Every structure is written in structure tokens, then in C-alpha cells.
Amino acid sequence: MAGYAQKTPATTTPQLAPKRQLTALRITQAPKLDGVLDEAVWREAPLANKFTQYRPNPGLPEQHPTEVRVLYDDVALYIGAVMHDVSPDSVFRELSQRDDMGNTDFFAVFFDTYHDKLNGYGFFVTSGGVQLDARYSPAGGEDMAWNAVWESRTALHGTDWVAELRIPYSAIRFSAAPEQVWGFNCMRRRRSTNQDFLWNETKPEVDGFVNQWGELSGLRDIKPPLRLSLTPYVSSYLNHYPYQEQGVRNTSTSFNGGADLKWGINESFTLDATLVPDFGQVQSDNQVLNLSPFEVQYQENRQFFTEGTELFNKGNLFYSRRVGAQPIGFAEAENQLQPGEKVVANPGVTRLLNATKVSGRTSKGLGVGLFNALSNNVYATLRDSAGAERKVLTQPFANYNIFVLDQSLKNNSYVSLINTNVTRTGGTYDANVTGGLVRIANKKNSYAVDGQVVYSRRRGQVFNSEAPIDDQNGYKYLLGFGKISGNFTWKVKHGIESNSYNPNDLGILFGNNNITQSIDISYNKYKPFWKVNNLYTYYGVSQSLLYKPTRYQNVTAYAGGNTTFTKSFLNVGTDLDYSPASHDFYEPRTSPLGRYYVRVPANFGAAAFASSDYRKKLAYDVTLRGRWHANDGDRTGRTGYDVSLSPRYRVSNQLTFRYDLSWGVRRNQIGYGGALNKDEPLDVEFMDAPLLGRRRVVTVTNTLSGSYTFNNRMSFTIRTRHYVSSVRYRDFFSLGPDGQETPAAYRRNRDTSFNAFNVDAVFAWWFAPGSQMSIVWKNAGSSFLEANEATPLYFNNLNNTMNTPHNNSLSIKVLYYLDYLVLKRVLPGAKG
């Protein structure tokens, strides 16, 4: 969204703007939350005004004043803001879902409650009344996935619009000190002119965001409340899949119940737990045909794993999709079949029993995080010809743990310790990863050194095997130093991942056994010049070696930049890179690495992209990419092209449509030809060496989405995606050591086509603070066609997709937020 917490690559070392001060006013009677600041206390409170522009022209004073006041009592903070403008039409008011900014003005308030200048909270409300909230940290940047329960009202009064916020103390964490000073800032977006303003000037060339906030004082005798809430849920599913098999029902139903619990253990730490969670309504994954030697990394859509996880993401050692992932023995179910048996059920996900997070930060700046999740045994069901069934274990009971210590230091610095652990029952293996991180910046916040050391340890045997697990001990380290603030910045990095380093039981790593080093340079202009608002550029070179044995892999030089034109707000950019001939040790899929590699000839890549002004009803994003490889003997004509186009049309402030089209082609690509089977006659004579194929790959993705927002609490969205990727092989090669390729008279048809189709339709209604009802319809179907059945023709694939059996799911889920403090006030006999 705003991206202000992200580290901005930044002439001379810039100085922080002076810290502005605002005093909050204590009150005895809470104002009415109605978007009308007519109570006398609002006139008595000190005023925060004279905002400074952040973009597009940093440092200029605002022309249309913003006025902000802060009140507080024993239970909450109250923020009243008046945004003056020239006319009602100049206030953009598009409606959107919660946590979706849309094409609208907004007001935001930020708090650094421990004043450590690293971590903070942000509360946003649009002129249409839509709420957004965020956490800020060095690890997570601006984490818009974090959600809190708070209240707000907005109103349009003549040429002004007003935002009134009530933020209960239960939504944030702070110390119990009798008198406190918090980091504080306010922000206003004026969408009609694409301008952002902040109360305490924030300089884009200075590294960091929270460290540039002002201060809020006058907070006396406020006590962290008992933060205790329960959000029970009930859900029901109706599923239909046309099995068309005797004895198998096409329709099934299920009913679920569980709860989310939040408990403030003390003033600093909070426990979050989800009991018998239900993630069936999350958006469908974007399935793809994976021709690479590495797994596909899917986006995390489950709220429990996206909210408040900034501590657990330190060091990038936690890939939350591992929790509740596909069972480790999922692919082994077929190998357990006896004569006459078939697999009739093989769950593709692991159902969680519960998951718990404990996290917080002390007044001394020490952040502590504990994560634990439990998953039960998972079984595949096998059935013989007589109808008898038996179950085979595909995933043993597992316990997932993460422990984090993160100490904030002066000058935007920190030191951290992270440990991840996976323990499984039965005859398989356990995994443990421990890492340390450090970042030290100088007093001027102009230079910084950062480092990371990680050790991975695995013990036990391969699942369903007596063979001991390999890569039992491994390590990784990374060291960097650079200039972090100013228009001109740079950084040098060096790192090693040993050949046995493996964090993948709870993290994700695409390939180990690497030595890497790089130099990155940026030069940015943040103020308008010529006909543009800004200019961001980058340059660099990187090199990679295989760690064991030490062998050359690749060298890449790259450069690029982007800018926004002043009048049209058209954003354009380009990316360029060049690599001389390199060696790909991963594509042959052989172990250990080092003997076999695929030659990659010198190649040049170029991309250009443009995004139009999103304020207009019709806007678009377009990207063009190309890659050209040098000839390598008789390997000629290797090219790749990609085109993506994303127009969007805003019918009204409530109705919006978007269409995404992407098309890509790879011509004469050299890649792994597929696993060979000793039981396949056409494979037998080629078993002695990896098989490579020269192929043409065409991939097309169409995604159409629309949303209608009834009001700031109720919306309907629908998203339809069709993906097709087809592969046609031209010829094959046997790969020898050191990249030698020998033409192979391989006759087995390896052509493939993969199709995936999904519909996600969601009606969501926030009927009370923190409480929601959602009705979701999902339609999903996919097909994987091989050999003669595969076709490169798009409409043939589309027709096949439509005629493939689809799974349809209709579900309803209701969750209700129960706050102990609210219940205490309304229950009969309750005091206070």
C-alpha cells in the first residue's frame, strides 16, 4: 500500500527533521463518535497542524490545512482530524473492502508506544469510512495484514472532511509507566492531487520511517488493560464433485466450530491462539506448471499466519505454508498399493489441531516471540476390488515451534536470535534451525553493517524408509555493509550456504551449496525536476559459485530505474541485465551437485513497464519483457518473451472491474526432460545419464475480478482465473559430465499441457466490530495432459478445462468478537 516502512535506498548524509511535540488532553467524558467534532473538549485540546509534503515534492508545506487533536481517558485514545479542501468534489471517496485503500483520500495516525524508533502502529481511515491498520518493524516493514479492533467515523462537512477515531488501549501495547512519551505522527493523503503530507516531516532520503516521527506527551496514569477476547466461529460447507462412481457420493457436507483467543499476558505480551481452525474460505492458490528444479512458493492467505508475525519473519527462516502443508508422504501413497488396490482418498493438506503465538516487546526494547502449532496424523485410504479399505499414514503427528529474541538498539539497530523446530512422532526425522542476526548503524544513520549466521540440524530417517536423513548439519552466513541514507547509496554483500544447509522443514530455500557476492548501487532524486516527480535508479553486479566443489556458476550485471511524470502521473520504468555464459548445476536434478550442469549461453534481458494514473476511471498496467541468448553451437534461436496487460475500470465509487492477461513464450529452451522409469521400455537405454530436452513453452493466464462495495462494512467480490501452460519438445540430449550434450534418439512423447481454473466469490459483512459473516462459493478444476493428449492450442485447452470435472464448494462462516472489557460493563452486576 503506502510502503513507508520499507527501507528506502537513499547526496551527503541527510539530517532528520526536528522532532515536533504534541500534548494529548486527558478527559473525563468520552466524546460521541459521530464524525462531528462539536464537543468543547476538542476545542480545548492542543492542535497539530502545518503538515509537510512527503510526495511528490518532499519538504513543501501543505496549502489546504489539516488539523489534528488527541484526547485520552482511562480506556482509549480519541483522535479528531479535520481535512480542509476546496470543494466536496475534490475529496475522493471510493468505497472498498477493509484493508483496501482504493481510489480515495485518507487520514492516518501512527504510534511508537515504546519510543524505540523501530516499531509502531498505524491506523488509517478513508474519507469513505473504510478502515486499515498496520504494524511497523525492521523485519516486516509495513505489515498491512495486522488487524485490530477499533472504531472510526467520517463525515463530509461543506468543503472539509472529518475523521474521528477511537482506539482502545486493548488494541495496542505500552508500558505501565506513570508518565509516558510516545513516538507520534499523522498523515493525510489528498488523492485529487496525488499528494501525501505528514505532521512531522519525513524525508525519503533518510533510512527508516518510525525513527522520523514526532512525539506525543501528556499521557499520564494510563494503565494497560486486561486484553482478553474470544472470537468463536461456526462454519458449514456443501461440496460437490462428480465422481460418477458406484458407492461414492458426489455431494458431502461438513459442520465446523472453533475459536480464536487473544489474551494480554501482561503490558507487553499477548497470546494469540486459534483452536480447531478452519481455513477453507481463503483465496485459492494460483496453481502453475512447474518446470523448474525448485518448488513453487505460494502466497500465504490464512489470516492467523499473516497477522502479527513480524517477529517470526526475522531472518526469513519461517515459511508459514509449511504449517498445515501437504503431507510429507502424500506422493508415497501410490507406492503403498497392493495388487487390486487403488487410492480413494489422499488429503492434500494437513488439518491443524491448534496454533498459538505469544509475542510482544518490553519497555527496554526486547522483543520476544513464541509460536507453536500441532497437526494430527493424516492417512490415505486404499480400497481393493472387493471393497475392503485400509489406511496408510502419510503425515505423522507434528509439533512446529519458533522462538525469537529481538533486541532493539540505538540508531535504528538490532540484534536477534531465531530458532525453528519441527518434531514428528514415529519413524521419521526431526529438524532444527538456529540463526543470529545483527544490524548496526552509525549515529548519523548513514552507514550500516548487517550480518546473519544460521545453523541447520536434521536427525532421523526418511519417512517410510530405514535410510538415514542426509544433510544432517549445515550452515549459512551473510555479511553486508553499505551507505543507507542519502540520494546515493550502496551496499556490498557476501554469503555462503553450505551444501548440507537445509531450513525447508519450516522455512523455504530454493537451492543451497552457493557462494554469492554482490555490489548494489542506487541513485535517487526525490524532488521534481524536468517533467518528472522523481527518479529511482539501481545498478549492480553479482557473482555466484558452487560451494562444494567450488565451481563457477554465473555472473550478472543489472541496472534499471523508474520515474513518474508530473502532469499525467504516468509511472514508467525499465530493467536490464546481462550474463555471460554460465553453468546451471540444479537443472539436471542430480545429487551431489558439481558433476553435471546445463550450459546456459550468454544472454541479455530487457523489460519495460508503465502504469497509468489510477485516479482515472480507466487505468492500466502493462509490462513487456524479452530475453535473447547467444548461439551455442547448433543450439540457436533461444528466446523468451512476456507480455502482461492489466486494465481496470471504476464504474462508480462502489463498483470496480479488473482484467489481467499475461502471455509468455520460451523458444528452444533447454531443460530437464523428465524422470526416467526403468519399467518404461522407451526409457531403459537412456537411464545412465540425465535427459535434456529442447522445447517450446507457451503460458497464458486470464484473470477477471470484480467488486461491489455496498458500504464500508459490506462487500461482494468475485475472481475468476484460467491458467494454461503447454510444452512441446523438439529433440532430446543425454547430458554428460561438465555440460557435454549428446543427441539422443529418445522416442517417448514428453509433451504436456496443464490447465487450472478457479472461481472465488465472496460476500463479506462486518456486522459488528471484529465480527464478520462470510458466504463463499469456490469452483476449482484442473487437468494435466501428457503425450498425445497434450495440445498447444489455447482454445482446445480452455474447452478441455471447462469439460473437466470441477469441485464446487459453498460455505458460510460466522465469527463473533467478544471483548472481556465490554462484557464486564454490560453484564448484570458488573462493576464499573
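How many of the 7 residues of S6 are buried? The answer is 7 of the 7, so strand S6 is largely enclosed by the rest of the structure, and the legends below return to this strand after an overview of the chain.

**Figure 1. Overview of the predicted chain.** This is a predicted model, in which local features need pLDDT of at least 70 and side-chain atom pairs count only at pLDDT 80 or more, while totals for chains, interfaces and linings use all residues. Residues are numbered from 1 along each chain as its sequence is written, and side-chain values use heavy atoms, with hydrogens and water left out. The chain has 4 helices and 45 strands, where helices (H or I, at least four residues) and strands (E, at least two) are DSSP runs numbered from the N terminus. For 832 residues a compact globule would have a radius of gyration near 28 Å, and the 29 Å of the chain agrees with this; the radius is taken over C-alpha atoms, and the globule rule is 2.2 Å times the number of residues to the power 0.38. Along the principal axes, the C-alpha atoms fill a box of roughly 90 × 65 × 50 Å. Of the 832 residues, 50% count as buried, a word that means under 20% relative accessible area, with exposed meaning over 50% and partly exposed in between (1.4 Å probe, protein chains only). The accessible surface of the chain comes to about 37,500 Å², of which 56% belongs to carbon and sulfur atoms, as computed by the Shrake-Rupley method with a 1.4 Å probe.

**Figure 2. Strand S6 and its two partners, S7 and S12.** Both faces of S6 are covered, since Phe106, Ala108, Phe110 and Asp112 on one side and Phe107, Val109 and Phe111 on the other are all buried. In a regular strand the side chains alternate between the two faces of the sheet. S6 pairs with strand S7 (residues 120-126) in the antiparallel sense over 6 bridges, and two strands are said to pair if DSSP finds at least two bridges between them. Antiparallel to S6 there also runs strand S12 (residues 179-190), joined to S6 by 7 bridges. Phe110 can be followed in both directions, as this residue stands opposite Gly122 in S7 and opposite Asn185 in S12, while the bridge partner of Asp112 in S12 is Gly183.

**Figure 3. Strand S12 with S13 and S14.** S12 is mostly covered, with 10 of its 12 residues buried. With strand S14 (residues 214-220), S12 pairs in the antiparallel sense over 5 bridges, and here Phe184 has Gly214 as its bridge partner. With strand S13 (residues 195-198), S12 pairs in the antiparallel sense over 4 bridges, and Arg189 stands opposite Asp196. The hairpin of S12 and S13 has 4 residues between the strands, and in this hairpin Asn194 takes a positive phi near 55°.

**Figure 4. An open sheet of 5 strands.** The strands of this sheet follow the order S2-S4-S5-S11-S10, with mixed pairing. Strand S2 (25-26) and strand S10 (151-157) stand at the edges, each with a single partner strand, so one side of each is left without a neighbour in the sheet. Within the sheet, strand S5 (residues 76-84) and strand S11 (residues 160-168) run antiparallel and are joined by 9 bridges, with Val162 in S11 serving as the bridge partner of Val82.

**Figure 5. Ser96 in the loop between S5 and S6.** Ser96 has its place in the loop between S5 and strand S6 (106-112), and with a relative accessible area of 5% this residue is buried. A polar atom of the Ser96 side chain lies 2.4 Å from the backbone oxygen of Asp100. Leaving aside residues up to four places away in sequence, Ser96 touches Met101, Gly102, Val130 and Thr709, where contact means heavy atoms within 4.5 Å.

**Figure 6. An open sheet of 3 strands.** The order in this sheet is S18-S21-S22, and the pairing is antiparallel. Strand S18 (342-345) and strand S22 (389-395) stand at the edges, and each has a single partner strand, so one side of each is left without a neighbour in the sheet. Strand S21 (residues 378-383) pairs with S22 in the antiparallel sense over 6 bridges, and Val378 stands opposite Gln395 in S22.

Key:
Polar contact = N/O pair within 3.5 Å; in protein donor to acceptor, adjacent residues only side chain to side chain.
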